[in-house]
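Work through the exercises below with the sequence and the coordinates at hand. Each task is followed by a solution in steps.

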Amino acid sequence: MTPRATPWLVADVGGTNARFGLVNRPGDEPESVAALRVAEHPSLPDAVAAYLDRYGGGVRPEAACLAIAGPVQDDRYALTNADWAGTVSELGIPYVELLNDFEALAISLPHLAGDDLLSLGGPEPVDGTVRKVRAVLGPGTGLGVAGLVPAGSGWIAVPGEGGHAAVPAITDLEIDIVRALRADGVPYVDAEHLLSGTGLPRLHRGLSMVRGIAPEAVTASEIVASDDALAVETVEVFLALLGGFAGNVALTLGARGGVYLGGGVLPRISERARASTFRARFEMTVPALSGYISAIATSLIVAEQPALVGAAAWLAQRASNVELV
């Protein structure tokens, strides 16, 4: 198949970075991939224009698929953890599809295999052709959640805002941390409040208060890089809570095809995640269903740009149903 005269634009737009790429043929992986800092651009249209001028040779794509870290509705988008909001008409691209970022990540799952995945316990990941419900979640700037459901010969992604469900605190320590944060001015502690890049410092603060240590202002990067006892314990509690949250998602969706973890936090602590209580907490979510949940694989997505792969796959699927100009 010859390259398109005008490539398609794909994007993964998060609260911190916006990643862009160009797709020359349906089924191809994105090329000319580059990340732009969200804080350095006043709006999504400005970032798109900057990418195309700087990395795309000034091409003007006639179709695009944008994965957005936040709720999307029809042609409108709004980032949950940044100020970008608007409509796709402002982009100046004739055909635009909007996806939630974890919706795009879900669509990528059948295309991931081998070195794209790292086991976090349980059985090996199922083959991409196995038609069972899958779930994807992950801590980045926020906490994303989505499902992937087989439908006919294809798949349907089910996006949501599951990261704002209640945090699964079950140990005495975890409950004490939640209580401390509530007393500190957080009336409702949801999962994203602790299980995200912005949540790690909050978890560190809550644990400090429980341990009787004066809280310090630290970043997520500083916490995961530190060998300080409080920082190490913060990461341990983080991974345990994440295991419980992942188990809840698996049971809610019936994700017998596996639970996949993405986002920007876990790849930096992948070996600690494998050695942690993550998998044990995942399997003990509901003891009466231990056999059900122990048969579900948990895998960390380590592919470089999986949301861009999902956006490209979505455009290729749409190309068979609608005429992309």
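Two strands count as paired if DSSP finds at least two bridges between them. The model is predicted.

**Exercise 1. Place strand β14 among its neighbours.**

Task: Determine which strands pair with β14, and in which sense.

Solution:
- Step 1. Strand β13 (residues 259–261) is joined to β14 by three bridges, and the sense is parallel. Within this pair, Y260 lies opposite S299 of β14.
- Step 2. Strand β9 (residues 117–119) also has three bridges to β14, but runs antiparallel to it. Here L118 has L300 as its bridge partner.
- Step 3. Now sort the side chains of β14 (residues 298–301): T298 and L300 point one way, S299 and I301 the other way. In a regular strand, side chains alternate between the two faces of the sheet.
- Step 4. Both sets of side chains belong to buried residues.

**Exercise 2. Describe the surroundings of strand β1.**

Task: Decide how enclosed β1 is, and find its partner strands.

Solution:
- Step 1. Buried means under 20% relative accessible area. Six of the six residues of β1 (residues 8–13) are buried, so the strand is largely enclosed by the rest of the structure.
- Step 2. W8, V10 and D12 point one way, while L9, A11 and V13 point the other way.
- Step 3. With strand β2 (residues 17–23), β1 pairs antiparallel over six bridges. The two form a hairpin with three residues between them, and V13 has A18 of β2 as its bridge partner.
- Step 4. With strand β4 (residues 63–68), β1 pairs in the parallel sense over five bridges. In that pair A11 stands opposite L66.

**Exercise 3. Analyse the sheet that contains β5.**

Task: Give the strand order of this sheet, identify its edges, and follow V72 to its contacts.

Solution:
- Step 1. The sheet is open, has three strands in the order β5-β6-β7, and is paired antiparallel.
- Step 2. The edges are β5 (72–73) and β7 (85–87); each has a single partner strand, so one side of each is left without a neighbour in the sheet.
- Step 3. Strand β6 (residues 76–78) and β7 share three bridges, and R76 stands opposite T87.
- Step 4. V72 belongs to β5. Its relative accessibility is 27%, so V72 counts as partly exposed.
- Step 5. Leaving out residues up to four places away in sequence, V72 touches Y77, L98, L99 and N100. The C-alpha atoms of V72 and N100 are 6.2 Å apart, although 28 residues separate them along the chain.

**Exercise 4. Continue from N100 into helix α2.**

Task: Which backbone nitrogen does a side-chain oxygen of N100 reach at the start of α2, and how many residues of the helix are buried?

Solution:
- Step 1. The side-chain oxygen of N100 comes to within 2.8 Å of the backbone nitrogen of F102.
- Step 2. In α2 (residues 101–108), eight of the eight residues are buried, so the helix is largely enclosed by the rest of the structure.
- Step 3. The buried residues include the charged-type names D101 and E103 as well as F102, L105 and I107.

**Exercise 5. Locate a nonpolar patch.**

Task: Which residues make the nonpolar surface patch of about 210 Å²?

Solution:
- Step 1. The patch is made by V149, I156 and V158.
- Step 2. I156 lies in strand β12 (residues 154–159).
- Step 3. At 48% relative accessibility, I156 counts as partly exposed.

How values were computed
Residues are numbered from 1 along each chain as its sequence is written. This is a predicted model: local features need pLDDT of at least 70, side-chain atom pairs count only at pLDDT 80 or more; totals for chains, interfaces and linings use all residues. Side-chain values use heavy atoms; hydrogens and water are left out. Buried means under 20% relative accessible area, exposed over 50%, partly exposed in between (1.4 Å probe, protein chains only). Helices (H or I, at least four residues) and strands (E, at least two) are DSSP runs, numbered from the N terminus. Patches are made of residues with over 30% relative accessible area and no salt bridge: like charges are joined within 9 Å, nonpolar side chains (Val, Leu, Ile, Met, Phe, Trp, Tyr) within 5 Å. Accessible areas come from the Shrake-Rupley method with a 1.4 Å probe; for residues, only the protein chains shown count as cover. A salt bridge is a side-chain nitrogen of Lys or Arg within 4 Å of a carboxyl oxygen of Asp or Glu. A polar contact is a pair of N or O atoms within 3.5 Å; within protein, one must be able to donate a hydrogen and the other to accept it, and residues adjacent in sequence count only if both atoms are side-chain atoms. Contact means heavy atoms within 4.5 Å.
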